[in-house]
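Got your viewer open and a hand on the mouse? Let's take a walk through this one together, one selection at a time.

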Amino acid sequence: MAPRSLGSSSHEGSERRTRILGDLRVHCGRRLCGYLVVFFVATAGAQERPLDMAEVAAIRGLIHSGRIADAEARAKVFDSADPLVGYLRGLARYHADDHLAAIDLLAPVAGRLQAGSLERREAEQVLGLSLYAAGRLPEAVPYLEATRAWAPDNVELHYFLGLAY
């Protein structure tokens with residue numbers, strides 16, 4: 001009798017196919033399963049997803065309530081190329097009194113955020129204050145001036161601007 005292919009439609013072929021697939025699962029499945037587990041564990045942190053505005057608000061809330069580590073951990077799962085992620089990370093570093101890191105994170109993204117948005121305004125304000133705190137006064141002035149346009153009654157802002165000039 002000629003050997004049947006795995007695609008045979010007879011009952012005997014079906015049993016053989018089941019037996020062969022079962023053997024493959026037993027012999028290769030453990031190794032394959034092990035490889036898959038290692039792959040998924042290794043890449044779990046690298047899986048980035050898009051950031052939505054509800055998440056932005058939630059992470060900003062964590063930052064403003066002083067839960068910097070929680071905010072940073074939550075922001076790590078999002079696409080680091082997204083300017084909103086850079087904004088949130090910079091905002092967190094500013095509130096952790098790490099002004100140099102805040103500058104490094106906010107400078108490349110502040111101008112890429114939507115004009116007039118809360119995120120853009122806050123990024124410019126925090127970038128200006130971080131530059132001021134780092135002693136980079138001439139660089140701070142344009143950002144503090146941009147902040148003054150939407151916060152004209154902010155006395156502290158006027159104080160910092162006066163010192164920066």
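Start by selecting glycine 90. Setting aside its neighbours within four places in sequence, glycine 90 is in contact with Ala102, Leu105 and Leu106. You'll find glycine 90 in helix H5. How buried is glycine 90? Its relative accessible area is 0%, and anything under 20% counts as buried. Now add valine 109 to your selection: it sits 19 residues away from glycine 90 along the chain, and their C-alpha atoms are 9.4 Å apart. Keep in mind as you click around that this is a predicted model.

**Zoom out for a moment**

Show the whole chain as a cartoon. What does the secondary structure come to? You should be able to trace nine helices and zero strands. Going from the N terminus, the elements read α-α-α-α-α-α-α-α-α. The chain has 165 residues, and buried ones make up 32% of them. Take the contacts between residues at least 6 apart in sequence: 46% of these join residues at least 24 apart.

**Next stop: aspartate 97**

Follow the chain out of H5 and select aspartate 97, in the loop between H5 and H6. Is aspartate 97 buried or exposed? With a relative accessible area of 60%, aspartate 97 is exposed, because the cut-off for exposed is over 50%. Check its backbone too: phi is positive, about 60°, although aspartate 97 is not a glycine.

**Into H6: isoleucine 103**

Carry on to helix H6, residues 99-106, and pick isoleucine 103. This residue is buried, at a relative accessible area of 4%. Which residues does isoleucine 103 touch, leaving aside neighbours within four places in sequence? Select Pro108, Leu127, Ser130, Leu131, Ala134 and Arg136 to see them. Try a distance between C-alpha atoms here: isoleucine 103 and leucine 127 are 24 residues apart along the chain, yet the separation is 5.9 Å.

**Arginine 120 in H7**

Now move to helix H7 and select arginine 120. Why does arginine 120 count as buried? Its relative accessible area is 18%, and the limit for buried is under 20%, so it falls inside that limit. Show the side chain and look for glycine 111: the side chain of arginine 120 reaches the backbone oxygen of glycine 111 at 3.4 Å. Beyond the neighbours within four places in sequence, arginine 120 is in contact with Ala110, Gly111, Leu113, Gln114 and Ala115.

**Down the barrel of H9**

Select helix H9, residues 155-164, and colour Leu157, Leu161 and Ala164, which are buried. Turn the view until you look down the axis of H9: the buried residues fall within an arc of 60°, so they line one face of the helix. The spacing makes sense, because an α-helix has 3.6 residues a turn and residues three or four places apart point the same way. Which residues of H9 are exposed on the other side? They are Val155, Glu156, Tyr159 and Gly162. To see what covers the buried residues of H9, switch on H7 (118-133) and helix H8 (137-150), which are among the parts that do so. Before you leave, select asparagine 154 at the start of H9: one of its side-chain oxygens comes within 3.0 Å of the backbone nitrogen of glutamate 156.

**Back to H4**

Jump back along the chain to H4 and highlight Ile68, Ala71 and Ala75, which are buried. Looking down the axis of H4, you'll see these buried residues within an arc of 65°, so they line one face of the helix. Helix H3 (53-64) and H5 are included in what covers them.

**Last stop: the largest pocket**

Turn on the surface. How much space lies in the largest pocket? There is about 170 Å³ of it. The lining has 10 residues, and the ones closest to the centre are Glu72, Ala75, Lys76, Val85 and Arg89. Helices H4 (68-75) and H5 (83-95) each supply at least two lining residues, and H5 gives the most, with three. Colour the lining by residue type to finish: four are nonpolar, one is polar and five are charged.

Key:
Residues are numbered from 1 along each chain as its sequence is written. This is a predicted model: local features need pLDDT of at least 70, side-chain atom pairs count only at pLDDT 80 or more; totals for chains, interfaces and linings use all residues. Side-chain values use heavy atoms; hydrogens and water are left out. Helices (H or I, at least four residues) and strands (E, at least two) are DSSP runs, numbered from the N terminus. Buried means under 20% relative accessible area, exposed over 50%, partly exposed in between (1.4 Å probe, protein chains only). Contact means heavy atoms within 4.5 Å. The arc is that of the directions from the helix axis to the C-beta atoms. A polar contact is a pair of N or O atoms within 3.5 Å; within protein, one must be able to donate a hydrogen and the other to accept it, and residues adjacent in sequence count only if both atoms are side-chain atoms. On a 1 Å grid over the protein atoms alone, a cavity is a set of points where a 1.4 Å probe fits but cannot get out, and a pocket is an open set with protein on both sides within 12 Å along at least five of seven lines; lining residues have an atom within 4 Å of a point. Grid points are joined across faces, edges and corners, and a volume is the space filled by probe spheres set on the points. Ala, Val, Leu, Ile, Met, Phe, Trp, Tyr, Cys and Pro count as nonpolar, Asp, Glu, Lys and Arg as charged, and the others, Gly among them, as polar.
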